[in-house]
Amino acid sequence: MADNFYNEVLLDHNLHPMHLHELPCATCSNAGLNPTCGDQLTLHLAIEDGLITDGSFTGVGCAVSQASADIMLDLIIGKTPAEAKHLKELFSKMIGGNITEDELDELEEAGALQNISAMPARVKCAMLGWNTLGKLLDEAAERSGV
Amino acid sequence: MSSNSYKNDLPVFDAYKNLVYLDNSATTQKPRAVIEAVERYYREENANPLRGLYGLSVKATDAYENAREAVRKIIGAESTREIVFTRNATESLNLIAASYGRTEIGANDEILVAISEHHSNLLPWQNLARETGAAIRYLECDESGEYTAEGLKKALGPRTKLFAIAQISNVFGRLNPIAEFTEICHDNGTVIVCDGAQSVPHLPVDVKELGVDFLAFSGHKMLAPMGIGVLYGREELLEKMPPFLYGGEMIEYVTKDGATFAELPHKFEAGTVNVGGAVGLHAAIDYIGKVGFDTITARERELTALAFDEMKRLPHVHIIGADSAEGHHGIITFTLEGVHPHDIAAIFDADNIAIRAGHHCAMPLHQHIGVQSTARMSLAFYNDEHDIERFIETLSGIRRRMGYGG
C-alpha cells in the first residue's frame, strides 16, 4: 500500500536533508509552487563555466517533495546543465511509469521514488523540485544565449 | 453508541469493508435510499420537466418541485419561490455575486468577508470587488477561530453593503452566531450571505430564525448526489435580481428584441435542470428526517469529544481552533510536529482511513493563522467509536513511521 513509498532512502533525505539551506554563491534561483497544498520550494544553483558547481533548496514541503529535491541535488551537482536536463527527463519518465531498467540505473538513488508513480495525488510533490529545475535551466540557458 | 446500524445503509462500506471515512466535510457517502431514489427516477419518471404536455413530463416536474418543497421545509423558508436549485454551494454564492452583487454594489461600496471563508465564499467577492471597484475587507477571527459581535460592529462601515460568512467554518468547525450577526448587519443596512455547506447537513437550520438574506449549501455534503445545490434568498431580494444564466426554462416570453423572464424561482434555473439530483436530495432529506437531527447532533457531538480528548493527549499533535470539543462540530483540523499534512494523509490512507490534507480551500485563513497547511478529520453521524479508535491508533504511530525515534 501507500506506506511502502516511505522507504528508508526517502525518510532519511527528509529527516536529514543535505541541501536544505540558502546558497549565497547561487547564480540563479527559481520558485516552484504545488497548488494542491500551497507548498513552495525555491531552488538555487551556482552554474560556472558550464558546470553546476553547487545547489540548494529552501522552503517547506512534504517528505516526498523535500526528499525528491534533496536527492535531485545530490545527482546534479557536478554535472552540466544538459546532463541535469537529461536526468530530469528520466525522472519524469519514471514517475510517469514508463522507464527502462538501464534508465533507472542512471537515476541512482532517485530510483527510490519509483513507487510514487502509483500514487497520482503525490506526483506533483515528487516533481516539484525537478520541474523547478527544468524551468531554472531553461531560463539560465536563455540568459546565456545558448 | 456501541452498535451502529447506519453503516449498513451506506453501500460504500460493503464495497470497501475496512474503510474509516473521516472526510465528511469534503463530501458524505450516499445511503442506499438515495441511490435507489435516483435510479427509480431515471427508470420510471424521466422526462424533460416544466415543459412537456404529457404525463411523464408532469411526473418529472412533480418529482423536481416536490424536492424543492422538501428543501423549503428543512430550512424553514417561507415559500418555495425562495428556493433555487444550483449545482452546489459554490454556484449559489457565484449567483449572488453575479446577480445581486453587480446590480446592488458599486465603486464606493465595501464588501466584508470573514477571513476563515472557503474560497467559494471569498473568490466571488474578490472578483465582484475587482469588477465594480468596491473595496473588499476581511473580518479577522482570533486564533481559536472566534468572531465577536464587537469585532463585526467595528468592521462594518456606512458603505458596507454585504457581509459573507459561513455558519460553520470548514477548518475550525466553530459555529458562528449568525442570528446575532444578522441583526448587527441589518441595523447597518448590510446584507448577510451565509455559507451553510458545513451546517445544514449537521444541525437544524432555520432561515427565519437566522434571519439571513441568503443561504447557500450543497447536496453532496448531506448524503445527496454531487451536482445539486441550493440557494435560499429572501423573496423580495430575489424578486428584483436579474437572471444569472440565460436560456431555456427561465423565460416567460421571447421576441427578436428581448424577453421577459419566468417567475421565481425558475428565473434562476436556466436550461434543463438536474431532476435526478433534486430527487436524490429529496431522498437524502427524508433519510435525515428519519435519523433525526437530535440523533445526528448527539452522535456527532459525542464522537467529536472522544476524538478531541484523545488527540489532546497525544504529544506533538496540535489542534487548530477552539480549545474544547464543543467548539468543533465534527471538524478537527490539526498539525503533527515534523510531519507534513500530505504525509499524514498518505499514512492514514495506508491504513484505509480517509482524511483531508492541504489548505482546505482556505488559503487566506492559513496565512492568517500562520501555517502552510493542515490535516483535517471530519465526522458524520454514521461514524462510530471504532472509527475514532482506528484514527487515534494510526495518528499516534505516524511520527515513528516517518523515522522519528521514540
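**Exercise 1. Which domains does the domain assignment of chain B give, and which residues belong to each?**

Before solving, note that this is a predicted model, in which local features need pLDDT of at least 70, side-chain atom pairs count only at pLDDT 80 or more, and totals for chains, interfaces and linings use all residues. Residues are numbered from 1 along each chain as its sequence is written, while chains are lettered from A and ligands numbered from 1 in the order in which they are written.

*Solution.* Step one is to read the bounds, which come from an automatic or database domain assignment: domain 1 of chain B is 6-22 + 292-401, and domain 2 of chain B is 34-288. Step two is to place them in space, where the centres of domain 1 and domain 2 of chain B, taken over C-alpha atoms, are separated by 28 Å. Step three is to look at where they touch: 23 residues of domain 1 of chain B are in contact with 22 residues of domain 2 of chain B, contact being counted when two C-beta atoms, placed from the backbone, lie within 7 Å. On the domain 1 side, the elements that give two or more residues are helix 11 (293-313), strand 12 (331-336) and helix 13 (363-369) of chain B, where helices (H or I, at least four residues) and strands (E, at least two) are DSSP runs, numbered from the N terminus. By class, that side of domain 1 has 12 nonpolar, 9 polar and 2 charged residues, with Ala, Val, Leu, Ile, Met, Phe, Trp, Tyr, Cys and Pro counted as nonpolar, Asp, Glu, Lys and Arg as charged, and the others, Gly among them, as polar.

**Exercise 2. Find which residues of helix 2 of chain B are buried, and describe the two sides of this helix.**

*Solution.* Begin with the length: at 1.5 Å a residue, the 14 residues of helix 2 (residues 32-45) of chain B should span 20 Å, and the 19 Å between its end C-alpha atoms agrees; the expected span is 1.5 Å times one less than the number of residues. Next, list the buried residues, which are B:Val34, B:Ala37, B:Val38, B:Tyr41 and B:Glu45. Because these residues cover an arc of only 95° around the axis, they lie on the same side of helix 2 of chain B; the arc is that of the directions from the helix axis to the C-beta atoms. A residue is buried if 20 or more other C-beta atoms lie within 10 Å of its own, exposed if 12 or fewer, and partly exposed in between, with C-beta atoms placed from the backbone. What covers the buried residues includes helix 3 (55-75) and helix 10 (275-291) of chain B, whereas the face turned away from the buried side carries the exposed residues B:Arg43 and B:Glu44.

**Exercise 3. Describe the contact between chain B and chain A.**

*Solution.* Count the residues on each side: 16 come from chain B and 16 from chain A. Then ask where those of chain B lie, and the largest share, 7 residues, comes from helix 12 (residues 341-350) of chain B. Finally, sort them by class, which gives 6 nonpolar, 7 polar and 3 charged residues on the side of chain B that touches chain A.

**Exercise 4. Is B:Tyr246 buried or exposed?**

*Solution.* First locate B:Tyr246, which is found in the loop between helix 9 (235-240) and strand 9 (251-254) of chain B. Then count its neighbours: B:Tyr246 has 12 C-beta neighbours inside 10 Å and therefore counts as exposed.
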